[in-house]
Every structure is written in C-alpha cells, then in structure tokens.
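Here is a friendly walk through one model, with the ligand shell, the pocket and a few backbone details as the stops along the way. Keep the viewer open as you read.

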Amino acid sequence: MLTKRKILVGVSGGIAAYKAAEVISRLRKLHAQVHVVMTKSATEFITPLTLQSLSSNPVYVDLFDAPKRWNIEHIALAEHVDAVIIAPATANVLAKMAIGLADDFLSTVLLATRAPIFVAPAMNHAMYHHPATQTNLALLKDRGIHVIGPDTGFQACGTDGEGRMSEPVKIIESLAGFFAGSDCLKGKKALVTAGGTQEPLDPVRYLGNRSSGRMGYAIAQALQEAGAETILVSAPTDLPTPHGVKRISVQTAQEMYHVVLELFLEMDVVIKAAAVADYRPAYEAEQKIKKTGAGYTLELVPNPDILAELGRKKTSQVLIGFAAETENLLANAQDKLQKKNVNLLVANDITKPGAGFGSATNIVSFLFPDGRKIDLPQMSKLEVARHLVREIAKILGIETKE
Ligand code: PMT
C-alpha cells in the first residue's frame, strides 16, 4: 500500500522523537519515498543526520537555510507529498496546527499542504488530558486530521498514563490502512450536494435555512479520499472546497436542479446532503421591498424535488438521500426511502444536540430498502462521511478494509 507513496514525516520535540527513526526505516522498507521535516526542538533529541541517512533525503529544519532543492521548499514539499505523518506530535505542534500558526518549516508545510495529515500525539498524561489539548485534538479531528493513539503506559516522566506515542508499527498500519481504503472508489464518478439553498425575494433578501454545508463538504472529502472523481454542487457557504474536489456553486433549488440533472446520468454515485428549499417566492421583486407599516403576505410556489426526480430517472447510479427530521424520525425517513427510490437514506434527528445543522458532529442512522438499519453514535461529520463511503462501496460490490 505504501510503495512509491511520498510520505512527509514531521518530527517535533519530544522524547519519542527517537521512535521517528523506526517510523522512517519501516516506511523505507515498504518502498515509500520519505521526506523529513524536524522542529528545532526535535533536533535536541535526535540528529537530522540520522533521519537523513534513514530517509535518503535532505532533512528540513529551518525555513531560511533549507537545501535549495525546490523553488520554495516548504510550498513545493507541501504540494508534492501524498500524506503527512507527525510522529511524535507534541502538545505544542497540535496547538499550532489548531490555530494555524506558521512560524517554522514544519508548521508552514502543515498549513500549506492539502494532503491527508496523520498525527501521533506524544506527551505527559497531564498535558494530554488538559482541556486545551483535548479541544485542539477535537478541532483537528473535525478538520479531518487522522489521530493515531496515544497509547497508555510508562512515560518518560516516570509515571504511568495516557500519552505515550503509538508504536511505529501501529502508525505504519494506520497509514497503510488509509491507503488500502483510499482507492475503493477509484474510477468512479461521484456528485454530492451541500448547503442550504437561498430563494431570492428581492435584491436584498432571501428565504434560506440553517444548513452550514459541513455534512456535504465532509462527504465530498471522504469521496475524494476514496479515490472518486468528485463534484460538489454547493449552495452558498464559507467552507473551503476540499482538495481535489470540483465545486460548482449554485444559489437556488432550481439552479441545483439543473446542474444535478444535467450531470446525473454520467455519475456512479449521487448523494443529496443539501437542505433544499421546498418552496420559493412566487415572484422576485426587482427592487428592495419597502416597509409600509401594513402586514405583508408572501406567496410561495413549490420547488422541484430533485431527489425524487433522480429516483425516477435512476439507472445504475447509487443514489443516497438525507432526511432531516424534527419528529417521527424513523417513520418519516422510511417514507422518504420508499418514495424517493434511494439505495440508502441517512436519517438525522436534527433536534438532538450534536446532530444536524451547523454542528461539527452528527448522529445518524443508515436505512436500506431491504429493511436493514445501522445506527451510528455521535461522531464528526467526516467520520459519518467515511462510514457512508464504506456503505457505498459495499452497494457497488467493492470490498473495503473496515
Ligand atoms: O449542512 P450542515 O449544517 O452540516 O447540516 C447537515 C444537514 C442537516 C443539512 C444534513 O445532514 C441533512 O439532513 N440534509 C438534508 C436536509 C433536507 O433537506 O432534508 P429533507 O428531509 O427536507 O429532504 C430529504 C431529501 O430530499 C434530502 O436528501 C434533500 O437533499 C432532498 N430534497 C429535498 C427537497 C427538494 N426540493 N429537493 C431535494 O432533493
């Protein structure tokens, strides 16, 4: 799984830095191409020469005296690699990643890269359990960073606790597992819709909803990670487009309808995570509607039901719908599963804390036409998305590594 993969190993300054040598050595034995970036403090624990010898590549420490191998080394390196693993990842480097600080070579590369990032935290157990570290880790997980470990056991400070860096073999297994699953949708074309449509009322106002787009964007990222050629049809949001994903921006339900219908027959997988307005104002005023002091009645007309239309047109596509419900979750979701002719329906009870609109996490159930149901506990939207991708691969008859 790692043959010819370009892996950047970032080493930060903790006692576990010596284990980076084994990580690099194992990667090389598996025929990966390894590049190493160290923080200044890491060089106090292990020499760049050791890691240079093991990786057979120059080691980067300082932004300003890096070997002149690429034009702008930190950017070139960031764009060149297939994955980044920070081992060990100290509390300090995790905090820098969380706030986007770029004050040395490693933190700059981490900000510039769009490759998947893995971190193997290593620190004293009290530092690990500190709310600041836990908040940083939760934020990084939410952004899609893969956290490996830490393990529990004897620590360099002389006590037992959680915070030991995972063993190099486990780190390599996680990386290999990622690349094993990463190609499960290779060669497939996928389209995902995200965000809440906006239905204009006049040049100033629109009817909208509370969707942030996070769920749909996480799905686009997971599809892309799985190797699918991914198109994201997005209603307005402030979210950055996931690396490698093609984004088509729309505003209204009708615009989304036209874009999705035009592309539908070319797709292998279509996921409708967007919150689409069921109704739009019957007329869009050319000028700002003025306040008169009297009441104002708005006439609404129905929008097309995009998912239902796709369900009617479906040939071989795997079609996934969402149901955002505030009551009778399962009954309403089952009804949508049948009526919209989908292969899988993701039901979310948007009244639960930590689920639905805007939140970083979701709590969903997958419902299948044969009556099967999978309930997932609360997890980040990216984790939900990765579970969904595995189910899609199964529907397509593709074996995946769990
Ligand atoms: O964006 P986030 O803040 O992360 O929030 C995520 C989410 C709550 C928006 C998402 O998880 C979700 O549930 N999306 C679907 C919301 C919704 O519109 O549900 P619905 O039950 O009204 O619609 C059912 C399905 O039909 C959905 O797949 C929807 O995209 C589709 N639909 C609905 C109306 C319409 N006119 N056309 C459609 O295609």
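Helices, as the word is used here, are DSSP runs of H or I with at least four residues, numbered from the N terminus. By that count, helix 10 gives the largest share of the lining of the largest pocket, namely six residues. Please bear in mind that this is a predicted model.

**The largest pocket**

Let us stay with that pocket for a moment. Its volume is about 1500 Å³, and 45 residues line it. Which residues lie nearest its centre? They are Arg114, Arg143, Gln221, Pro242 and His243. By class, the lining divides into 23 nonpolar, 10 polar and 12 charged residues.

Several helices take part in the lining of the largest pocket. Helix 4 (73-80), helix 5 (91-99), helix 6 (105-112), helix 8 (131-142), helix 9 (168-182), helix 10 and helix 14 (381-395) each supply at least two residues. Why does the largest pocket lie between domain 1 and domain 2? Both domain 1 (6-180) and domain 2 (189-395) give residues to its lining, so the pocket is placed between the two.

**The ligand and its shell**

Now for the ligand, which has 28 residues around it. Those that come nearest are Ser211, Ser212, Lys336, Asn348 and Gly358. The shell is made up of 13 nonpolar, eight polar and seven charged residues.

Three contacts between the ligand and polar backbone atoms are worth a look:

| Ligand atom | Backbone partner | Distance |
|---|---|---|
| nitrogen | proline 304 | 3.0 Å |
| oxygen | leucine 307 | 2.9 Å |
| oxygen | glycine 358 | 2.6 Å |

On its own, the ligand exposes 770 Å², and the protein buries 95% of that area. Which elements give two or more residues to the shell around the ligand? They are helix 10 (214-225), helix 12 (306-313) and strand 17 (318-325). Strand 17 has the largest share, with four residues. Helix 10 is thus a name you have now met twice: it gives residues to the shell around the ligand and also to the lining of the largest pocket.

**Backbone details**

A few backbone angles deserve a check before you set up any calculation. Alanine 87 and proline 88 are joined by a cis peptide bond, with omega at about 0°. Proline 88 belongs to strand 4 (residues 83-89).

Another cis peptide bond runs from glycine 149 to proline 150, where omega is near 5°. Here proline 150 sits in a loop, the one between strand 6 (146-147) and strand 7 (151-154).

Finally, which sign does phi have at lysine 4? It is positive, at about 65°, although lysine 4 is not a glycine. You will find lysine 4 in the segment before strand 1 (6-11).

Note on methods:
Residues are numbered from 1 along each chain as its sequence is written. This is a predicted model: local features need pLDDT of at least 70, side-chain atom pairs count only at pLDDT 80 or more; totals for chains, interfaces and linings use all residues. Side-chain values use heavy atoms; hydrogens and water are left out. A residue is near a molecule or strand if one of its heavy atoms lies within 4 Å of it. A polar contact is a pair of N or O atoms within 3.5 Å; within protein, one must be able to donate a hydrogen and the other to accept it, and residues adjacent in sequence count only if both atoms are side-chain atoms. Accessible areas come from the Shrake-Rupley method with a 1.4 Å probe; for residues, only the protein chains shown count as cover. Ala, Val, Leu, Ile, Met, Phe, Trp, Tyr, Cys and Pro count as nonpolar, Asp, Glu, Lys and Arg as charged, and the others, Gly among them, as polar. On a 1 Å grid over the protein atoms alone, a cavity is a set of points where a 1.4 Å probe fits but cannot get out, and a pocket is an open set with protein on both sides within 12 Å along at least five of seven lines; lining residues have an atom within 4 Å of a point. Grid points are joined across faces, edges and corners, and a volume is the space filled by probe spheres set on the points. Domain bounds come from an automatic or database domain assignment.
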